[in-house]
Each structure stands twice: as structure tokens, then as C-alpha cells.
Amino acid sequence: MAEQDLYEVLGVAKDASQDDIKKAYRKLSKKYHPDLNHEPGAEDKFKAVNEAYETLGDPQKRAQYDQFGSTGGQQQGFGGGAGGFGGQDFGGFGGGGFEDIFSSFFGGAGGGGRRPNPTAPQQGRDLQYEMTLKFEDAIFGKKTNITYNREEHCETCGGSGAKPGTSPVTCSKCHGSGYIQVQTNTPLGRMMSQQVCDVCHGTGKEIKEKCATCGGSGHTEQSHSIKVTVPAGVEEGQQMRLQNQGEAGANGGPYGDLFIIFRVEPSDEFERDGATIYFKLPIDFVQAALGDEVAVKTVHGDVKLKIPAGTQTGTTFRLRGKGAPRLRGNGNGDERVTVSIQTPTKLNKGQKEALKTFAKASGKSVAGNGKSSLFDKLRGV
Ligand SMILES: [Zn+2]
Ligand SMILES: [Zn+2]
């Protein structure tokens with residue numbers, strides 16, 4: 001089956017919400033359900049809709065599909081497309097299929113007519129891992145272990161897929177090329193195109209006696225644990241590439257890579273933009289008027305800050321080097337402290353008198369607010 005854009009299959013936009021995707025899937029799977037729809041082609045559409053939803057319905061698989069054009073799962077791969085991620089071939093099943101059809105339409109515009117040799121070692125798929133970090137861990141970094149499932153080379157057969165003691169033989173359908181000629185009806189007319197051989201899945205080899213452990217695939221899914229050092233100063237959405245921590249390659253090719261995507265939890269106290277950390281500091285109006293020295297929270301511990309006399313609300317102070325580390329380059333960013341001046345909400349009698357005296361000394365007469373004194377009376381002040 002020719003690979004189709006999964007969003008098109010479900011008839012949704014690329015930025016559709018998970019909810020919209022679910023709705024579209026429900027509608028279409030009902031429409032094409034083989035029990036309900038006996039029109040020719042309905043069953044194929046039903047299958048395609050289900051396959052599309054398997055990927056797009058899962059936010060993680062969807063993110064991977066958006067980025068790499070494939071999910072790295074059991075589905076057919078999407079050949080490089082317009083170059084693929086980093087211009088490398090995604091090995092394994094169906095690799096190159098889409099591209100070859102594309103090439104035969106447009107004279108190789110897609111990938112320069114590149115046709116991977118199916119029997120050559122191919123690097124395995126890249127995987128994605130989302131890691132959620134506490135605000136402080138993103139700033140200071142940490143060492144941690146992660147565990148995930150990936151396809152590994154089968155130990156029983158050494159990755160050949162053949163029963164130990166036997167060897168794969170040349171594929172009888174494609175004679176070892178890994179490709180077959182297929183006539184397809186397209187909107188542009190009848191075309192001959194090359195497709196990956198459906199017998200050997202492009203490997204050019206047929207396995208007569210399959211390895212019992214891996215069922216002939218040469219790979220087995222294994223739980224895989226690795227140590228990860230999160231660098232100090234990572235930010236939301238940043239990625240880290242770990243070589244060879246992806247899935248096993250075909251024909252003894254190297255493992256793909258693992259991309260760790262960092263998600264950073266927000267902090268209740270701080271905000272962060274790159275290496276700069278923002279902090280809001282409430283001070284009272286007497287401190288603002290007379291000046292003071294206060295302790296200010298930073299991610300590196302409390303720091304003393306001099307508030308000059310006559311500080312206005314909204315004034316920002318800079319605490320040099322008290323921000324997050326810069327990922328590239330030396331040292332830390334700054335913490336920016338913005339003060340907000342708090343007006344007292346409850347005044348006792350002495351405070352009120354003092355303020356009246358203050359007003360008088362300033363040559364002003366302040367009427368005060370009746371409501372507040374009413375509350376005072378109710379409270380028995
Ligand atoms: Zn095996
Ligand atoms: Zn074949």
C-alpha cells in the first residue's frame with residue numbers, strides 16, 4: 001500500500017487537537033466499517049483510517065510522526081521523503097517506497113533518485129523520549145536512568161533472522177534486488193513504479209527456516225536502560241541526541257539514535273527565559289520610601305539586595321550571575337527582581353495616627369475612607 005499523509009487520511013489539519021482527531025476517527029471508522037459499508041474499497045479505507053489513528057491518536061507517536069515522518073513502530077516506514085530527518089534513510093520495512101514512487105513521477109526530484117541498496121546495512125530508527133524535569137533540575141542538571149523498549153539485534157540468530165545453522169537465501173520474487181515493478185493507476189495516468197518487494201520487504205533475502213526467538217525479523221523488542229546526564233541549563237523543548245540508543249538497524253547496520261526532548265515544569269516562584277530568571281518581590285511602602293536591605297530568593301539561595309530610598313513599584317534590580325547557567329558559553333545569567341509596593345490593608349490606630357501625622361507633615365489633608373473605619377468599629381477596634 002502506498003503511504004499516504006496520515007492527516008489527509010483522517011481529513012484533519014496538521015495542528016488539529018487530539019479531540020478533533022478522535023472525532024474524525026470515530027466518524028470515518030463508522031463510515032467505512034466493513035459491517036456497515038459494502039462499497040468496494042471501503043475496507044481498505046477502514047484499515048487506513050485505523051492505521052492513521054494508531055499514530056495520530058497517540059500524542060507521542062504523533063509528535064514522532066510530525067518530526068520524523070514515521071513512528072518507529074511496527075508500521076511501514078516512510079522513506080526519506082524530502083530528505084527525511086538529517087537526510088538519512090530510515091532503514092527497515094518499506095524504506096524508500098514512497099520516495100521511489102515520487103521519483104518516478106517527477107524524475108527524481110524527491111531525493112535525487114537515491115535508491116538505497118536493500119541488502120546493505122542500514123541504520124536503525126531513531127526514537128524519541130520525553131523527559132519531564134523539575135524547574136531546578138533543568139537549571140542545575142542531573143544524572144538519571146531511563147528505561148524504554150526498543151528493537152535490539154536478536155541474540156539467537158545474530159540479527160540474520162534465520163534459524164541458527166541455516167542462512168537466508170536470495171529472494172525468489174525480486175531475485176535479490178529488494179524491489180519489484182508495479183503498475184499503478186494514478187491521477188497522472190498509468191505508471192510503472194518500483195516498490196519494495198513484499199516477499200522479502202526489501203532485504204533481497206528470504207528466510208526459509210525462521211529463527212524461533214525473533215520470528216525471522218532479526219530483532220526482538222527489549223527493555224533498555226541507560227544513564228542520562230541532563231546538562232545544566234536546558235530549556236523546555238530542547239533536544240539531546242544520544243547516539244546508538246535508538247533501534248537496531250537492518251542487515252547488521254548500526255543502531256539509530258535516541259532524541260530526548262526536555263519538558264520543564266514551571267516554578268511557583270520564578271520565571272525563566274533562557275539564562276535569565278525573573279522574580280517578583282513585594283515590599284512595603286515604608287521600605288520603599290526609606291530604603292532597606294532585604295533577602296531575595298534566587299535558585300542559588302537567598303541574596304541580599306539594597307532597596308534604595310524612594311524606590312517606585314515596578315523597579316527592576318539585577319542580581320548578576322544569579323540566573324540559570326548558559327548552555328553555550330560560561331557563567332550564569334542574571335536574576336531580575338521586580339519590586340511591587342504593597343499598600344497595607346489593615347491599619348491599627350497607632351499606624352493610622354502616624355500616617356495622618358505623615359500627611360500633615362507633607363502639607364496634605366487626607367479624608368480617609370468611612371468604610372474602613374466602619375469595619376474597624378465592627379471588629380471593636
Ligand atoms: Zn533471531
Ligand atoms: Zn524480494
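In this predicted model, a convenient place to enter the fold is P282, whose bridge partner in β15 is S340. That bridge belongs to the contact between strand β11, which covers residues 276–284, and strand β15, which covers residues 335–342; the two run in the parallel sense and are joined over eight bridges. In general terms, the strands of a sheet pair through backbone hydrogen bonds, and they may do so in either a parallel or an antiparallel way.

Widening the view from this pair, one finds an open sheet of four strands in the order β10-β11-β15-β14, and its pairing is mixed. The edges are occupied by β10 (270–273) and β14 (316–319), each of which has a single partner strand, so one side of each is left without a neighbour in the sheet. From one strand to the next, the twist averages 30°.

The aromatic residues offer another route through the chain, since a search of the whole structure finds five aromatic pairs. One of these pairs brings together Y129 and Y148, whose ring centres are 6.1 Å apart and whose planes meet at 55°, so the pair is classed as tilted rather than as edge-to-face, a label that would need planes over 60 degrees apart. This pair links distant parts of the chain, with Y129 in strand β1 (residues 127–133) and Y148 in strand β2 (residues 142–153), 19 residues apart. Y148 has a relative accessibility of 9% and therefore counts as buried.

A further pair is formed by F270 and F279, where the ring centres are 5.5 Å apart and the planes lie at 40°, so this pair too is tilted. Both partners are buried, F270 because its relative accessibility is 5% and F279 because its value is 11%. These two rings do not stand alone, as ring pairs link F135, F270 and F279 into a cluster.

The metal sites come next. The zinc ion (ligand 1) has as its protein donors the SG atoms of C154, C157, C211 and C214, which lie 2.3 Å from the ion. The angles among these four donor atoms run from 103 to 116°, and the site is tetrahedral. Along the sequence, the donor residues follow the spacing C-x2-C-x53-C-x2-C, and both C154 and C157 are buried.

The zinc ion (ligand 2) is coordinated through the SG atoms of C171, C174, C197 and C200, at 2.2 to 2.3 Å. Around this ion, the four donor atoms subtend angles of 103 to 117°, which makes the arrangement tetrahedral. Here the donor residues are spaced C-x2-C-x22-C-x2-C in sequence. Of these donors, C171 counts as buried because its relative accessibility is 1%, and C174 is likewise buried because its relative accessible area is 6%.

Helix α3, made up of the 15 residues 42–56, allows a simple check of geometry: at 1.5 Å a residue it should span 21 Å, and its end C-alpha atoms are 21 Å apart, so expectation and model agree. Within α3, the buried residues are A42, F46, A48, V49, A52, Y53, T55 and L56. When reading such a list, it helps to recall that an α-helix has 3.6 residues a turn, so residues three or four places apart point the same way.

How values were computed
Residues numbered from 1 in each chain as written. Chains lettered and ligands numbered in written order. Predicted model: local features only at pLDDT ≥ 70, side-chain atom pairs only at ≥ 80, totals over all residues. Heavy atoms only, no water. Donors = N, O, S within 2.8 Å, 3.2 Å for Na, K, Ca; no water. Tetrahedral: all angles 85-135°; square planar, octahedral: opposite > 155°, others 65-115°. Buried < 20%, exposed > 50% of the residue type's maximum accessible area, 1.4 Å probe, protein only. Pairing = 2+ DSSP bridges. Axes fitted to C-alpha atoms, helices over the stretch in contact; angles between N-to-C directions. Phe/Tyr/Trp six-rings, centres within 6.5 Å; stacked < 30°, edge-to-face > 60°. Expected span 1.5 Å × (residues − 1).
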